[in-house]
Structure formats: C-alpha cells, structure tokens
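Let's take a tour of one protein model, from its overall build down to a handful of single residues. Keep the 3D view open and find each residue as it comes up.

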Amino acid sequence: MKVLLTAGPTREPIDPVRFLTNRSSGKMGYTLAGAFLHEGHSVLLISGPTNLDVPDGVDFIPVETAAEMHDAVARYIGKMDVAVFSAAVADYTPSGVRSQKIKKSGDTLTLELVRTADILGSAREKFGFTGTLVGFAAETENLEANAREKLVRKQCDLVIANDVSQPGIGFDSDENQVLLVYPDRTETLPRASKVELSLTLVDAIVGIKKLRVDG
Ligand code: PMT
C-alpha cells in the first residue's frame, strides 16, 4: 500500500528569529514510518523540523509551517491508499510575519494569531480522499469523548488517542499509551515503546483497509 504520514511539529514564524511551535519530537510518526516500511508498504513522510534520521527507503518532504504541510498533503494524498496524521500542527499562526526582529518596547506584547487550515479535516471533503484515514488526538482531558468527536467531525476510520498530560508518554517521549477509537468501538492498548506500538498500529490500520476491500 501507499502510505502518507505527517509527523513532527510545525514552526510558525513571528519575525526573522522567532517562531511558535510545540513539544512534538516526531518520534511517533518516524517509528510509524519505519513500521510501515518494515511490513512492505511504501511511505511518504511529510514532516516538520525534528532531530531524527529519516528511515532509509522512506520518501521524505520536509516542511516548516502548517501551510506548507497543508500544501504537501494536498498535492500527494490523492495517490495514497492510507493517510495517517501524527503531526502536531499549529492550530494558530501569527497573522503576519514581521520583516524585522521585534524590538523590546512596552511591558507587554500582543501577537495576533489566525486559524490554520485543518489538514486532516480537509482530507475527505476538500481533497476528496477515499482511502483509509487515520488521525491522532492529543488530549489532556475526556480522552475518549474528545477523540470520538474528532473521529466523526474529521470523517476518520480510526483516531489514535493519547493522554498527553500523563508523564512519560505522548510528546517527546520514547513510549506511548493509546486508545484506538473506531466508529463502532474503542480498544485500549498497553503502554509500550513507540517502536513496538507502531507495529501494532500498522496491523490495526492495515486491518481497516482489508475490511474495506473484503467488504
Ligand atoms: O512527535 P512525538 O514527540 O513522538 O509525540 C507524538 C504526538 C503526541 C505528537 C502524537 O502521538 C500525537 O498525538 N499527534 C497529534 C497531535 C495533535 O496535534 O493532535 P490534535 O488533537 O490537536 O489534532 C487532531 C488531529 O488533527 C491530528 O491528527 C493532527 O495531526 C490533525 N491536525 C490538527 C490541526 C491541523 N491544523 N491540521 C491537522 O491535520
């Protein structure tokens, strides 16, 4: 199968030396890329800035901003069988990038932010994607209910939900613990290394594809 994966954080520039970002290391997306490859699939990884090595054999598009990630996904998703969105995309970006470094002046500084495009939320209606669509949900409360709301609103086949308020899992850690939220059920997976978990996730995602094909 042809698999598109988004991973890592985005960086939203404020001025020539500053940006808004988040704590995503890219590990979850990169280990998934490795696991899909290991199982014989072809992988296009669209990633924000990380310190990770791209697994050998993975096609790679580096991006910085949410807008760049949106454009790369829009360009390639039509060719894919499966799309998995593990990136931590900025929901807001500065309304304009200052051309000069912002100087210190008053005691407070107000930045105006505007919404970014919801890339996962665009997959079905805007990009016309008909393959297996998998999102993530990074939550700090009401994990299952919030993930299920995203599953429905973004028209996913599966949402992989992690509670990012728990120490040692989620953002910038080597382990994760997730719920698999399907339209008709929820499964709880045990805490595991992201490498080990990724193999389980690939089986789950490939299982959805098989169900669709076999009826
Ligand atoms: O990178 P690591 O350090 O290994 O950390 C892994 C992780 C915690 C980043 C990962 O497991 C994870 O939860 N990724 C999703 C992070 C996120 O931004 O979740 P969200 O609940 O805000 O977004 C829901 C879904 O919509 C996600 O699939 C996200 O990629 C997608 N999205 C969100 C906003 C946006 N503008 N476009 C999107 O595509």
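Here is a briefing on this structure, grouped by topic. Keep in mind that this is a predicted model. The protein has 5 helices and 14 strands. Its radius of gyration is 18 Å, close to the 17 Å that the globule rule gives for 215 residues, so the protein is as compact as a globular protein of that length.

**The whole chain**

- If you lay the C-alpha trace along its principal axes, it spans about 65 × 35 × 35 Å.
- Of the 215 residues, 36% count as buried.
- Take the contacts between residues at least 6 apart in sequence: 60% of them join residues at least 24 apart.
- UniProt lists residues 2-206 in an unreviewed entry as "domain: DNA/pantothenate metabolism flavoprotein C-terminal".
- Over residues 2-206 the chain is 25% helix and 28% strand, and the C-alpha atoms at the two ends of that stretch are 11 Å apart.

**Around the ligand**

- Which residues come nearest to the ligand? Of the 27 residues around it, the answer is Ser-25, Met-28, Phe-85, Ile-119 and Leu-120.
- Three elements give two or more residues to this shell: helix H1 (27-38), helix H3 (119-122) and strand S9 (132-139).
- S9 gives the most, with 4 residues.
- Sorted by class, the shell has 13 nonpolar, 9 polar and 5 charged residues.

**The nonpolar core**

- In soluble globular proteins, nonpolar side chains tend to be buried together.
- In this model, the largest nonpolar core has 51 residues.
- The residues with the most contacts inside that core are Leu-4, Leu-5, Ala-83, Val-84, Val-134, Val-159 and Ala-161.
- H1 supplies the largest share of this core, 6 residues.
- Try clicking on Ala-161: leaving out residues up to four places away in sequence, it touches Ala-137, Glu-139, Leu-143, Glu-144, Ala-147, Val-178, Leu-179 and Val-181.

**Three buried residues to look up**

- Val-3 lies in strand S1 (residues 2-7). Val-3 has 27 other C-beta atoms within 10 Å, and the cut-off for buried is 20 or more, so Val-3 counts as buried.
- Setting aside residues up to four places away in sequence, Val-3 touches Phe-36, His-41, Ser-42, Val-43, Met-80, Asp-81, Val-82 and Val-84.
- Val-3 and Gly-78 are 75 residues apart in sequence, and their C-alpha atoms are 11 Å apart in space.
- Phe-36, one of the contacts of Val-3, sits in helix H1. Phe-36 is buried too, with 27 other C-beta atoms within 10 Å.
- Not counting residues up to four places away in sequence, Phe-36 touches Val-3, His-41, Val-43 and Val-202.
- Phe-36 and Thr-188 are 152 residues apart along the chain, with 21 Å between their C-alpha atoms.
- Gly-135 is found in strand S9. Gly-135 is buried, with 26 other C-beta atoms within 10 Å.
- Once you skip neighbours within four places in sequence, Gly-135 is in contact with Phe-85, Leu-120, Lys-150, Lys-154, Cys-156 and Val-159. Among these, Phe-85 and Leu-120 also come up in the list of residues nearest the ligand.
- The C-alpha atoms of Gly-135 and Ile-77 are separated by 14 Å, and the two residues are 58 apart along the chain.

**Two unusual backbone angles**

- Most residues other than glycine have a negative phi.
- Gln-155 has a positive phi of about 55° although it is not a glycine. You'll find Gln-155 in the loop between helix H4 (143-153) and strand S10 (158-163).
- Is Gln-155 buried, partly exposed or exposed? Gln-155 is partly exposed, with 16 other C-beta atoms within 10 Å.
- Asp-172 also isn't a glycine, and its phi is positive at about 50°. Look for Asp-172 in the loop between S10 and strand S11 (175-176).
- Asp-172 has 12 other C-beta atoms within 10 Å, and 12 or fewer counts as exposed, so Asp-172 is exposed.

Notes. Residues are numbered from 1 along each chain as its sequence is written. This is a predicted model: local features need pLDDT of at least 70, side-chain atom pairs count only at pLDDT 80 or more; totals for chains, interfaces and linings use all residues. A residue is near a molecule or strand if its C-beta atom, placed from the backbone, lies within 6 Å of it. Ala, Val, Leu, Ile, Met, Phe, Trp, Tyr, Cys and Pro count as nonpolar, Asp, Glu, Lys and Arg as charged, and the others, Gly among them, as polar. UniProt positions are given in the numbering used here, feature names are shortened, and annotations may be inferred rather than shown by experiment. A nonpolar core is a set of buried Ala, Val, Leu, Ile, Met, Phe, Trp, Tyr and Cys residues joined through C-beta atoms within 7 Å. Two residues are in contact if their C-beta atoms, placed from the backbone, lie within 7 Å. The radius of gyration is taken over C-alpha atoms; the globule rule is 2.2 Å times the number of residues to the power 0.38.
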